[in-house]
Structure formats: C-alpha cells, structure tokens
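Reader: Hi! I'd like a close look at one part of this model, the place where the ligand sits. Could you walk me through it, and then add some notes on the backbone elsewhere?

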Amino acid sequence: MPFLALGLAPALAHAAQAMGFAAPTPIQAQAIPVVLNWADVLATAQTGSGKTASYVLPLLQSFVQLPPASPRRVRALVLVPTRELAAQVGEVLRALAQDLPTRPKVVVLFGGVSINPQLMALRGGAEVVVATPGRLLDVVAHNTLRLGHVGTLVLDEADRLLALGFADELQRVLALLPARR
Ligand code: AMP
C-alpha cells in the first residue's frame, strides 16, 4: 500500500519517496491512519522499523491542514531520552517537511551543550520542538518557550522517558501542557 493510500498529503508521500521509502513499513501502515484521525496511539516497534516516520509524517500533515501562522507557536512537542535521538528526529522532521508549501520551524533542544544557541534558535518562535526533558525545562525557565498551544505530544522511546531518573522531569513537562491524559 503506498503512502498516499494511508491518507497522507501528496507533498508528504512524495517526501517519503524522495528519502527512498518505497512503501510504508508495518508500523507506518498501522499507525499513520490512526494518528491522522487524531487518536492517541501507543506503539511498540524495534529500532529500524521506521517508527520515527510513523509519527513524523502524520505530525507534519497537521501543518498541511493548518499552515504555520504568525506569531509562531509550538504546536507539536517530541520528547526523547538522548541528544542523539533528538538530533536524528530533527533531521527526519526537516527532511520530510521539505516539500510542504509552508514549512514549520523545527528547533532541537538537548543538554550537554551550551544553552545559548538553542535560546537563539527559539527567537521568533517555533512550531515543532524536539527535546530532552531536562533541557526543555531549563529553556522554559529562561522564559523563551511557551507550551500552552501544544496539541500534539510524542514520547519517543517512552519506556526510557518513564524510567527512574526521567519520570520526575517528564511529569514537570506534562504539567506545562494544556491537555490532560
Ligand atoms: P527508525 O526505526 O525510525 O529509526 O528508522 C530506521 C531506518 O529506516 C531509517 O534509516 C529510515 O530512514 C528508514 N525507513 C523508515 N521508513 C522507511 C520505509 N517506509 N521504507 C524504507 N526505509 C524506511
């Protein structure tokens, strides 16, 4: 089944093909139509199964339906446990957003590096933020990021995010979001 048949916009189906994705993987075929219906999804899939695109594609579709406006507001937040994963997800987001008529601004936040370039990157706002929980809380404390308009939350590698050591930070991040689950 091609990407278009899952309900994805042509610009996104095309971007997936441009990345060399000939057809959706099983996790993509199962998750994408459900997320496009705005349902909550809890999915388990191994590394290498294509799980990143399974949430990135439907997340980006919301920007086809409702393009970024001014002022820029964070509409989607992706939480990840490591800086490597944060950088990787940011790249997939940017690559798959390539063909969108109005591309959302994506900002990636992770610890272990100076916070200043990340604060600079947030100037003028952003529509999508990919972050590790600790650095996200630091950035919020600098008053440079508001999360009151987040409509989509992704917990990538949720098992690690929910594990001891992260759980506290995660709860503090969730408390900043408008929706309750
Ligand atoms: P992930 O499980 O998200 O880490 O993805 C693993 C690898 O699979 C990445 O290199 C992706 O670029 C690739 N990939 C994702 N979706 C597809 C697809 N539908 N067809 C072929 N490769 C894919």
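Author: Happily; the ligand site comes first, and the backbone notes follow.

This is a predicted model, in which local features need pLDDT of at least 70 and side-chain atom pairs count only at pLDDT 80 or more, while totals for chains, interfaces and linings use all residues. Residues are numbered from 1 along each chain as its sequence is written, and side-chain values use heavy atoms, with hydrogens and water left out.

Around the ligand you will find Phe3, Phe21, Ala23, Pro24, Thr25 and Gln28, together with Gly48, Ser49, Gly50, Lys51 and Thr52. A residue belongs to this group if one of its heavy atoms lies within 4 Å of the ligand. By character, this shell splits into 4 nonpolar residues, 6 polar ones and 1 charged one. Here Ala, Val, Leu, Ile, Met, Phe, Trp, Tyr, Cys and Pro count as nonpolar, Asp, Glu, Lys and Arg as charged, and the others, Gly among them, as polar.

Now for the backbone atoms that face the ligand. A nitrogen atom of the ligand has a backbone N or O atom of alanine 23 at 2.8 Å. For glycine 50, a polar backbone atom is 2.8 Å from an oxygen atom of the ligand. With lysine 51, the distance from a backbone N or O atom to a ligand oxygen atom is 3.3 Å. A polar contact is a pair of N or O atoms within 3.5 Å; within protein, one must be able to donate a hydrogen and the other to accept it, and residues adjacent in sequence count only if both atoms are side-chain atoms. The ligand taken alone exposes 500 Å², and the protein buries 66% of that. Such areas come from the Shrake-Rupley method with a 1.4 Å probe; for residues, only the protein chains shown count as cover.

The space that the ligand takes is the second largest pocket. On a 1 Å grid over the protein atoms alone, a pocket is an open set of points with protein on both sides within 12 Å along at least five of seven lines. A molecule sits in one if more than half of its atoms lie within 2 Å of its grid points.

Next come the backbone notes. Tryptophan 38, in the loop between α2 (26–36) and α3, has a positive phi of about 65 degrees although it is not a glycine. Helices (H or I, at least four residues) and strands (E, at least two) are DSSP runs, numbered from the N terminus. Tryptophan 38 is exposed, with a relative accessible area of 56%. Buried means under 20% relative accessible area, exposed over 50%, and partly exposed in between (1.4 Å probe, protein chains only). The C-alpha atoms of tryptophan 38 and threonine 152 are 9.0 Å apart, with 114 residues separating them along the chain.

Glutamate 157 also has a positive phi, about 55 degrees, without being a glycine. Its place is the loop between β4 (152–155) and α7 (158–161), and its relative accessibility of 24% makes it partly exposed.

The loop between α3 (51–65) and β1 (76–79) holds proline 71, and the peptide bond from serine 70 to proline 71 is cis, with omega near 0 degrees. Valine 74 lies in the loop between α3 and β1 too, and is buried at a relative accessible area of 5%. From valine 74 to proline 104, 30 residues away in sequence, the C-alpha distance is 9.6 Å.

How values were computed. On a 1 Å grid over the protein atoms alone, a cavity is a set of points where a 1.4 Å probe fits but cannot get out, and a pocket is an open set with protein on both sides within 12 Å along at least five of seven lines; lining residues have an atom within 4 Å of a point.
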